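User: I'd like to learn how to read buried and exposed residues in a model. Can you walk me through it?

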Amino acid sequence: MDMRKLVGRNVQRIRQRKHLTQEQLAESSGFSQQYISGLEKGRRNPTIITIYELAALGVSHMDLVQPDKQT
């Protein structure tokens, strides 16, 4: 299982479910829009600190690493 892709899919799914743009998530999380884009594409290797900071989505850090049905 590629954790980068898993986290990226989860971030994108949750962001879209909350009707947020990448720019809005970037603003609330402190990351750049380019970083969010790379993360969602599975090109970034998020640290545990990054995962906690992405809780700006209003979800548990565990929601970002949970396997989904596509895995």
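Analyst: Sure. Keep in mind that this is a predicted model. Let's start with Ile48: its relative accessibility is 55%, so it counts as exposed, because the cut-off for exposed is over 50%.

User: Where does Ile48 lie?

Analyst: You'll find Ile48 in helix α4, which covers residues 48-53.

User: And which residues form a nonpolar patch with Ile48 on the surface?

Analyst: Ile49 and Tyr52 join Ile48 there, and together the three have about 340 Å² of accessible area.

User: Now the inside. How do I read a nonpolar core?

Analyst: Think of buried nonpolar residues joined through side-chain atoms within 4.5 Å. Here the largest such core has 14 residues, and Val11, Ile36, Leu39, Leu54, Leu57 and Leu64 are those with the most contacts inside it. The elements giving two or more residues to this core are α1 (3-17), α2 (22-29) and α3 (33-40).

User: What is Ile36 in contact with, leaving aside neighbours within four places in sequence?

Analyst: Ile36 contacts Gln22, Leu25, Ala26, Ser29, Phe31 and Leu54.

User: What about a polar residue: is Asn10 buried or exposed?

Analyst: Buried: Asn10 has 0% relative accessibility, and buried means under 20%. Asn10 is part of helix α1.

User: Which side chain does Asn10 join through a polar contact?

Analyst: That of Arg13, at 2.9 Å. If you skip residues up to four places away in sequence, Asn10 also touches Asp63, Leu64, Val65, Gln66 and Asp68. Leu64 is a name you've met already, as one of the core residues with the most contacts.

Terms used. Residues numbered from 1 in each chain as written. Predicted model: local features only at pLDDT ≥ 70, side-chain atom pairs only at ≥ 80, totals over all residues. Heavy atoms only, no water. Patch = residues over 30% accessible without salt bridge, like charges linked within 9 Å, V, L, I, M, F, W, Y side chains within 5 Å. Areas by Shrake-Rupley, 256 points an atom, 1.4 Å probe, with all protein chains shown as cover. Salt bridge = Lys/Arg side-chain N within 4 Å of Asp/Glu carboxyl O. Helix = DSSP H or I, 4+ residues; strand = E, 2+ residues; numbered from the N terminus. Buried < 20%, exposed > 50% of the residue type's maximum accessible area, 1.4 Å probe, protein only. Contact = heavy atoms within 4.5 Å. Polar contact = N/O pair within 3.5 Å; in protein donor to acceptor, adjacent residues only side chain to side chain.
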